[in-house]
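Here are some short exercises on reading a protein model. Try each task before you read its solution.

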Amino acid sequence: MTQPKHNVVIFLGPPGAGKGTQAERLAQDKDLVKISTGDILRDHVARGTELGQQVKPILDAGQLVPDDILIALIRDKLASMDAVRVIFDGFPRTSAQAKELDVLLEELGAPVSAVPLLEVPDQVLIDRIVDRGRQAAARGEAVRSDDTEEVARRRQDIYREQTQPLIDYYSARGQLTRIDGVGSMDEVYGRILNSMQ
């Protein structure tokens, strides 16, 4: 069976839900390019680019980067592709971003194919994030500045305030699929694959 030319998957879920890991796996299995605005932004911060210096204090405070910066990054990334076969991890975060992305995808003739939403209870998420920081410290690695309980709680609050309208947006369009994000990596991945049949 041949793959469709364009395939745009938007992965939703709160910070710590395991989106990054699952998106990576899905990207390999479905021949998609994983686009994580967080990864792109952290790369700019690490390299000390002008954009990196601009967004570092925003990321460190657990705030969200302005839409115009994110859309410009994504436009640049997608414009270089022959076929738009991507999975978005952590973008869009708001219905305003979703509308901007829809306009961009329409220009490229690559509509959204699927919107899986990983659902995990708050306390489980916070425990996962803090544990990720502890494990990094135990290995002698740098701990991400957002891997603290205080910042994790703030990010959950921001996620809820700003992302609920986005969930409603894709739900109203019939594109959203809710997936139980609690369980082993393989169990959750199986649910994601089933939702995309």
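The exercises below use this predicted model.

**Exercise 1. Place Asp89 and decide whether Asp89 is buried or exposed.**

Step 1. Find the element. Asp89 belongs to strand β3, residues 85–89.
Step 2. Check the accessibility. Asp89 has a relative accessible area of 8%. Buried means under 20%, so Asp89 is buried.
Step 3. List the contacts, leaving aside neighbours within four places in sequence. Asp89 touches Phe11, Lys19, Gly20, Ala23, Lys34, Ile35, Ser36 and Thr37.

**Exercise 2. Describe the largest cavity and its lining.**

Step 1. Count. The structure has one cavity of 30 Å³ or more.
Step 2. Give the volume. The largest cavity holds about 60 Å³ of space.
Step 3. Name the lining. Phe11, Leu12, Gly13, Lys19, Gly90, Pro92, Arg93, Tyr159 and Thr163 line the largest cavity.
Step 4. Sort these residues. Four are nonpolar, three polar and two charged.

**Exercise 3. Find the aromatic pairs and classify each one.**

Step 1. Know what to look for. A ring pair is described by the distance of the centres and the angle of the planes.
Step 2. Search. The whole structure has two aromatic pairs.
Step 3. Take Phe88 and Phe91. Their centres are 6.0 Å apart, with 50° between the planes, and the pair is tilted. Phe88 is buried at 0% relative accessibility. Phe91 is buried too, at 1%.
Step 4. Take Tyr169 and Tyr170. The ring centres lie 5.1 Å apart and the planes meet at 80°. Planes over 60 degrees apart count as edge-to-face, so this pair is edge-to-face. Both Tyr169 and Tyr170 are buried.

**Exercise 4. Examine the residues that UniProt marks as "binding site".**

Step 1. Read the record. The unreviewed UniProt entry gives this feature at Thr37, Arg42, Gln63, Leu64, Val65, Gly90, Phe91, Pro92, Arg93, Gln97, Arg144 and Arg155.
Step 2. Check the spread. They span 119 residues of sequence, and in space they lie up to 25.2 Å apart between C-alpha atoms.
Step 3. Compare with the cavity. Of these residues, Gly90, Pro92 and Arg93 are in the lining of the largest cavity.
Step 4. Look at Val65. Val65 sits in the loop between α3 (50–60) and α4 (67–79). Its relative accessible area is 7%, so Val65 is buried. Beyond its neighbours within four places in sequence, its contacts include Leu41, Val55 and Gln97.
Step 5. Look at Arg144. Arg144 sits in the loop between α6 (122–138) and α7 (149–172). At 28% relative accessibility, Arg144 is partly exposed. Leaving aside neighbours within four places in sequence, Arg144 contacts Arg42, Arg132 and Arg155.

Terms used: Residues are numbered from 1 along each chain as its sequence is written. This is a predicted model: local features need pLDDT of at least 70, side-chain atom pairs count only at pLDDT 80 or more; totals for chains, interfaces and linings use all residues. Side-chain values use heavy atoms; hydrogens and water are left out. Helices (H or I, at least four residues) and strands (E, at least two) are DSSP runs, numbered from the N terminus. Buried means under 20% relative accessible area, exposed over 50%, partly exposed in between (1.4 Å probe, protein chains only). Contact means heavy atoms within 4.5 Å. On a 1 Å grid over the protein atoms alone, a cavity is a set of points where a 1.4 Å probe fits but cannot get out, and a pocket is an open set with protein on both sides within 12 Å along at least five of seven lines; lining residues have an atom within 4 Å of a point. Grid points are joined across faces, edges and corners, and a volume is the space filled by probe spheres set on the points. Ala, Val, Leu, Ile, Met, Phe, Trp, Tyr, Cys and Pro count as nonpolar, Asp, Glu, Lys and Arg as charged, and the others, Gly among them, as polar. Rings of Phe, Tyr and Trp (its six-membered ring) pair if their centres lie within 6.5 Å; planes under 30 degrees apart count as stacked, over 60 as edge-to-face and the rest as tilted. UniProt positions are given in the numbering used here, feature names are shortened, and annotations may be inferred rather than shown by experiment.
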